[in-house]
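This briefing introduces selected features of one protein structure to a reader who is new to the subject. Please keep the sequence and the three-dimensional view at hand while reading the points that follow.

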Amino acid sequence: MTSNFVYDFEYVKNEKENYFTYSVNSVDVISRFVMDLSGQIKQFTWVPASKQWILFWSQPRAQCEVYALCGAFGSCNENTLPFCDCITGFRERSPEHSDLGDHNGGCLRNNLLITGITWREPGRCEGSI
């Protein structure tokens, strides 16, 4: 367990459970943890004067450091919105999910490679490369 002046954190891991808890040591502090769609965990603290939640802490700190955020053949750039795009020659695998901010489905090749493989049905093939 780790302590500081405002929060107490506890991480428990054993053969039956694996969890994280925290408590606030001051009645003047309102805080919440959120794990968003990308897998990034964020801690927000309420600021009464501005009546807003402010980001106090997040991990990983950079959105593009989240594992598999953009999926296969995806590229992440924190200077653009959305962060994820497909590399040249590829397109979004699931545009309907990407529209909702979920890009971890990755990208598909725009053109099939000529490999000597016969496609029988989606996802199944015969032949050799």
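F73 has a relative accessibility of 45% and therefore counts as partly exposed, because that class lies between buried, under 20%, and exposed, over 50%. The model is a predicted one. The points below begin with the loop that holds F73 and then turn to the strands and the aromatic rings.

**Backbone features in the loops**

- F73 is located in the loop between β6 and β7, and its phi is near 60°, a positive value in a residue other than glycine.
- A68 also belongs to the loop between β6 and β7. Its phi is near 55°, again positive in a residue that is not glycine.
- With a relative accessible area of 40%, A68 is classed as partly exposed.
- Two cis peptide bonds deserve attention. One joins Q59 and P60, with omega at about -15°, and the other runs from L81 to P82, with omega near -5°.
- P60 is found in the loop between β6 (52-59) and β7 (74-76), whereas P82 is placed in the loop between β7 and β8 (84-86).
- As background, most residues other than glycine have a negative phi, and most peptide bonds are trans.

**A pair of strands**

- Strand β2, residues 7-13, pairs with strand β3, residues 18-24, in the antiparallel sense, and seven bridges connect them.
- The connection from β2 to β3 is a hairpin of four residues.
- Which residue in β3 is the bridge partner of F9? The partner is Y22.

**Q43 and its surroundings**

- Q43 is part of strand β5, which covers residues 41-47.
- Is Q43 buried or exposed? Its relative accessibility is 2%, so Q43 counts as buried.
- The side chain of Q43 makes a polar contact of 3.1 Å with the side chain of S31.
- Leaving aside residues up to four places away in sequence, Q43 touches Y7, S31, R32, F33, I54, L55, F56 and W57.

**Aromatic rings**

- The structure contains nine aromatic pairs.
- One of them is formed by F9 and F33, with 6.3 Å from centre to centre and 90° between the planes, an edge-to-face arrangement.
- This pair links distant parts of the chain, since F9 is in strand β2 and F33 is in strand β4 (residues 31-35), 24 residues apart.
- W46 and W53 form another pair, whose ring centres are 5.3 Å apart. Their planes meet at 65°, and the pair is therefore edge-to-face, because angles over 60 degrees are assigned to that class.
- Both members of that pair are partly exposed: W46 has a relative accessible area of 26%, and W53 has a relative accessibility of 34%.
- One aromatic cluster is made up of F9, F20, Y22, F33 and W57. It includes F9 and Y22, the bridge partners named above.

**A charged residue over rings**

- What lies over the face of F44? R32 does, at 4.8 Å from the ring centre.
- The charged end of R32 also sits over the ring of W53, 4.5 Å from its centre.
- R32 is, in addition, among the residues that Q43 touches.

Technical notes
Residues numbered from 1 in each chain as written. Predicted model: local features only at pLDDT ≥ 70, side-chain atom pairs only at ≥ 80, totals over all residues. Heavy atoms only, no water. Helix = DSSP H or I, 4+ residues; strand = E, 2+ residues; numbered from the N terminus. Buried < 20%, exposed > 50% of the residue type's maximum accessible area, 1.4 Å probe, protein only. Polar contact = N/O pair within 3.5 Å; in protein donor to acceptor, adjacent residues only side chain to side chain. Contact = heavy atoms within 4.5 Å. Pairing = 2+ DSSP bridges. Phe/Tyr/Trp six-rings, centres within 6.5 Å; stacked < 30°, edge-to-face > 60°. Lys NZ or Arg CZ within 6 Å of the ring centre and 35° of its normal.
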